[in-house]
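Me: I am new to this structure and would like a close look at a single part of it. Please pick one stretch, walk me around it slowly, and explain the terms as you go.

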Amino acid sequence: MSELELELWESLEDLVYENCNKNTLNFDEYELKYGVDLLREHLSIEGIAKCISLLNQTTIKEMTC
């Protein structure tokens, strides 16, 4: 995995955690406590890349037509 991908994963985890209730476990703490990594399975770089690709095919000018 490239450094950019690792940074993206970390940013995604930070975004998720920032929207959690105060004092919840983070991804690593959850994995350690429950012995599973199923939370990360729900984060999808492929899905995010597809969203970026689709958004990049549009322009603001399209909205004014």
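Reply: Let's begin where one helix has just ended: right after α2, G35 adopts a positive phi of about 70°. The name α2 follows a simple scheme, in which helices (H or I, at least four residues) and strands (E, at least two) are DSSP runs, numbered from the N terminus. Residue numbers start from 1 along each chain as its sequence is written, and side-chain values rest on heavy atoms, with hydrogens and water left out. Please keep in mind that this is a predicted model: local features need pLDDT of at least 70, side-chain atom pairs count only at pLDDT 80 or more, and totals for chains, interfaces and linings use all residues.

On pLDDT, the predictor's confidence in each residue from 0 to 100, the protein averages 81, and 94% of the residues score at least 70. Among its elements, α2 has the highest mean pLDDT (88), while helix α4 (residues 45–56) has the lowest (76).

Now step back to the other end of α2. N26 caps the N-terminal end of this helix, with a side-chain oxygen 3.0 Å from the backbone nitrogen of D28. That is a polar contact, meaning a pair of N or O atoms within 3.5 Å; within protein, one must be able to donate a hydrogen and the other to accept it, and residues adjacent in sequence count only if both atoms are side-chain atoms.

Inside the helix, look at the rings. Rings of Phe, Tyr and Trp (its six-membered ring) pair if their centres lie within 6.5 Å; planes under 30 degrees apart count as stacked, over 60 as edge-to-face and the rest as tilted. By this rule there is one aromatic pair. Its members are Y30 and Y34, which are tilted, at 4.7 Å centre to centre with 45° between the planes. The two are about one helical turn apart because they sit four residues from each other in helix α2 (residues 27–34).

How open are these rings to the outside? Buried means under 20% relative accessible area, exposed over 50%, and partly exposed in between (1.4 Å probe, protein chains only). Y30 is partly exposed at 24%, and Y34 is also partly exposed, at 46%.

The helix also has a link to α1. E13 belongs to helix α1 (residues 3–18) and is buried, at 15% relative accessibility. Apart from its neighbours within four places in sequence, E13 is in contact (heavy atoms within 4.5 Å) with F27, R40 and L43.

E13 has company: W9, L12 and E13 are buried in α1. Viewed down the axis of α1, its buried residues fall within an arc of 95°, so they line one face of the helix; the arc is that of the directions from the helix axis to the C-beta atoms. What covers these residues includes α2, α3 (38–41) and α4. On the other side of α1, E3, L4, E10 and E18 are exposed.

Finally, visit the loop between α1 and α2, where N23 is found. N23 has a positive phi of about 70° although it is not a glycine, and it is exposed at 71% relative accessibility. K22 lies in this loop between α1 and α2 too, and is exposed at 76%.
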